[in-house]
Structures are given as C-alpha cells and as structure tokens.
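This report looks at how one protein chain is put together, moving from a single loop residue to helix packing, aromatic pairs and the strands.

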Amino acid sequence: MFEKIGKTNGILQGKENALTTKQVVGIMYELLESLEKRLYEADTENGNLRNQIERLPSQEDYQTLKEGIKQIREICERDRDKARRELEQCETDLETEKERGRTLQEKLNKLKDTLDKKESDAESLEKELLESREKADAIGSQNQQYKNKIQKMPKLMRLYDAYDAIMEKKDELPQKVIEWVPIDDFDSFLCRALKSSFPIGFYLAIESLIKNNSEQMSDRTMEEALHISDQLLAEVFSFGSEYFEEKGLFRISVEKGNPFNEELYIDIGGKGGMCENVARVWLHGLRDGKEDKIYHSYVEGE
C-alpha cells in the first residue's frame, strides 16, 4: 500500500504541471478508501481470530477433558478385559457344547440304530403275532367246530340209534316207508334227513301206512312201527333244530293228559272220533309255519 503511495508521489513530483489539484485530491481519496477497506478487512479478520481463540478450550477445560479421556480409557480397558474374559468363557462354553453335541449325536446315532433294529424286530414280531392270531383264530374256529360236534355227538348218536332201530325192522315195514330211509347208509340218510322235505315226506309215508293198514300188519307190529318212526322224527328234529326252525317247520308238542284238540290231533282208537283227553301218543304231527299247514298228530283218546 505504501509502495503505491510512493509511486503516486513520484507521479505527482514528475508531473507537477500535468495534474490539477482536483485530480490529485481524487487520487488521494481513492487511496484513503482503499486503505479504509483494507483496514476493515483486517479488523474483521482479527475479530474472527479472537472469536476462534475465545472458543478454544482453556487449560482447565483441557485438564477436565484429559481426566475424562483417562476415565474413558480406564473404563474401556476394564470393559475390554471383561469382554475378553467373557469371550474366552464363551469359547470355552462353545467347545464344551460342541463336545456335548458330538456326544449326544453319537448317542442319537446309537439310539437310531437301536430304534431301527427294534422297529425291524417289532415288524417281525407283529408279523409273527398276526400269523399267531390267524392260527389261533383257525384253531379257535376248529375248536368251536369240535365243541359243536361234541355237543351234537349225543344227539347224533341218538339219531343213529333211531335209524338203527328202523333198520332192524326194515323187513317188516312197507316199501314206501323204507324208501325214505336209505338202507345201511347212515351218511346218505343224514344228508337227506337235514332237509325240510324229509320230515314231511316221511310223515306222509307213515300216515299212508296208518290209513291203509287193514290186515297187512298186526297191531303189535303197527305199534312198533309207529313207535320207531316217531322216535326217528323226534331225533331228526332234535339234531337239526336250528335248520328246521329257520325253515319254519316244527313238531307238534303233545303229551298224555293233554285235552283233545281236533285241529291238531286224530284219534286212532276212535277212528278219528272225538274224545276228552289224550291217553297215548302214537305219532307226533308237524306244523309248517311258512305254508301255514298242519300235519295232525295220531293219538289214542280216553
């Protein structure tokens, strides 16, 4: 700035006759304005510096800050040591859990192998159990059949005895009666007897014998023929009771002393006439529930 002023003096000194006083004054004003502007800028810059200096921490502030930093560092050191210890503990726990996990996995693998084996054994046992149950069911069914046969055995034996009694008198009985009882072949007779047609057909054959007998058979022979025929029918119905009940075929129950019922009974002694009570049953009749038909019982009245 002063250098500029010096240069201006030189101009003024070298050219005294060239510039007027007004011009010189103008130049001086310009110089003053420039100086004032520079001074203002310098003051502003100094003020900014002072403000910055004032904002700078004092020595006490620095001391407090240092102590705070020290405390923070101490806390960080403690936290770091604690964190390190916790990290080490976590690593130790992790290794422990890993080892425990490996042990549990080994146990799990063993248990799985055991389970697989047990499942396989269970399947085998279940298969064996199923087979055993099937065998037991078959044996139970067979056993029940045997029980049924044993239970029916007395009935079967009585039926055979009744059949045998007919066979012993076969030569004395009419052919129409014998036709319903296969000679010397109990198995064939048994197959025929367990049909609803047998009791009815056999009854009709005996009924024909009763109605058509004049002097063909003696009273004793007739009495014996009716007795063994009635006994055979009785045992047939006893042995095949379930079958005949299903077919709706029943023997008419009548005993000595029953009141005479002309709808159910025919009196042989009175040649079909009326009487008060039954004195003797010669042949039990049949009742066909499905056909709603009655085959009368032959009795002797009193």
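## A buried histidine in a loop

His284 counts as buried, since its relative accessibility is 16%. The structure is a predicted model, and all values given here are computed from it. His284 is placed in the loop that runs between β3 (278-283) and β4 (286-288), and its side chain makes a polar contact of 3.1 Å with the side chain of Arg251. When residues up to four places away in sequence are not counted, His284 touches Tyr203, Asp230, Arg251, Ile252, Val254 and Ser297, so that Arg251 appears both as a polar partner and in the list of touching residues.

## The chain as a whole

The chain has eight helices and six strands, and, read along the sequence, it follows the pattern α-α-α-α-α-α-α-α-β-β-β-β-β-β. Of the 302 residues in the chain, 21% are buried. Among contacts between residues at least 6 apart in sequence, 59% join residues at least 24 apart.

## Packing of α6 and α7

Two packed helices are described by the angle between their axes and the distance between the axes. Helix α6 (residues 197-212) packs with helix α7 (residues 219-239) at an angle of about 170 degrees, and their axes are 11 Å apart. Because an angle over 145 degrees counts as roughly antiparallel, α6 is roughly antiparallel to α7. On the α6 side the contact is made by Phe198, Pro199, Phe202, Ile206, Leu209 and Ile210, while α7 contributes Met222, Ala225, Leu226, Ser229, Leu232, Leu233, Val236 and Phe237.

Which residues does Leu232 contact, leaving aside its neighbours within four places in sequence? They are Leu159, Ala162, Tyr163, Ile166, Val181, Phe189, Phe198 and Phe202. Leu232 lies in helix α7 and counts as buried, with a relative accessibility of 0%. Its C-alpha is 8.6 Å from the C-alpha of Asp161, although Leu232 and Asp161 are 71 residues apart in sequence.

Glu235 also belongs to helix α7, and this residue is buried, with a relative accessible area of 8%. Not counting residues up to four places away in sequence, Glu235 touches Lys155, Arg158, Leu159 and Ala162. Leu159 and Ala162 are thus among the residues touched by Glu235, and they are also among the contacts of Leu232.

## Aromatic pairs

A pair of aromatic rings is described by the distance of the centres and the angle of the planes. With ring centres within 6.5 Å as the criterion, the count comes to twelve aromatic pairs. Two of them are set out below.

| Ring pair | Centre to centre | Angle between planes | Class |
|---|---|---|---|
| Tyr163 and Phe186 | 5.4 Å | 65 degrees | edge-to-face |
| Phe189 and Phe198 | 5.5 Å | 80 degrees | edge-to-face |

Tyr163 lies in helix α3 (residues 59-168) and Phe186 in helix α5 (residues 186-193), so this pair ties together parts that are 23 residues apart in sequence. Tyr163 counts as buried at 3% relative accessibility, and Phe186 is buried as well, with a relative accessible area of 14%. The rings of Phe189 and Phe198 form an edge-to-face pair because their planes stand at 80 degrees, and both Phe189 and Phe198 are buried. Ring pairs link Tyr160, Tyr163, Trp180, Phe186, Phe189, Phe198 and Phe202 into a cluster. Of these residues, Phe198 and Phe202 are also among those that make the contact of α6 with α7.

## Strands and the loops between them

Arg280 lies over the face of Trp282, at 4.4 Å from the ring centre.

Asp292 is located in the loop between β4 and β5 (293-295) and is exposed, with a relative accessible area of 71%. Most residues other than glycine have a negative phi. The phi of Asp292, by contrast, is near 55 degrees, a positive value in a residue other than glycine.

Gly301 lies in strand β6 (residues 297-301) and counts as partly exposed at 22% relative accessibility. Gly301 and Pro259 are 42 residues apart in sequence, and their C-alpha atoms are 9.3 Å apart in space. Not counting residues up to four places away in sequence, Gly301 touches Asp267, Cys275, Asn277 and Ala279.

Conventions. Residues numbered from 1 in each chain as written. Predicted model: local features only at pLDDT ≥ 70, side-chain atom pairs only at ≥ 80, totals over all residues. Heavy atoms only, no water. Phe/Tyr/Trp six-rings, centres within 6.5 Å; stacked < 30°, edge-to-face > 60°. Helix = DSSP H or I, 4+ residues; strand = E, 2+ residues; numbered from the N terminus. Buried < 20%, exposed > 50% of the residue type's maximum accessible area, 1.4 Å probe, protein only. Lys NZ or Arg CZ within 6 Å of the ring centre and 35° of its normal. Polar contact = N/O pair within 3.5 Å; in protein donor to acceptor, adjacent residues only side chain to side chain. Contact = heavy atoms within 4.5 Å. Axes fitted to C-alpha atoms, helices over the stretch in contact; angles between N-to-C directions. Parallel < 35°, antiparallel > 145°, perpendicular 65-115°, else oblique.
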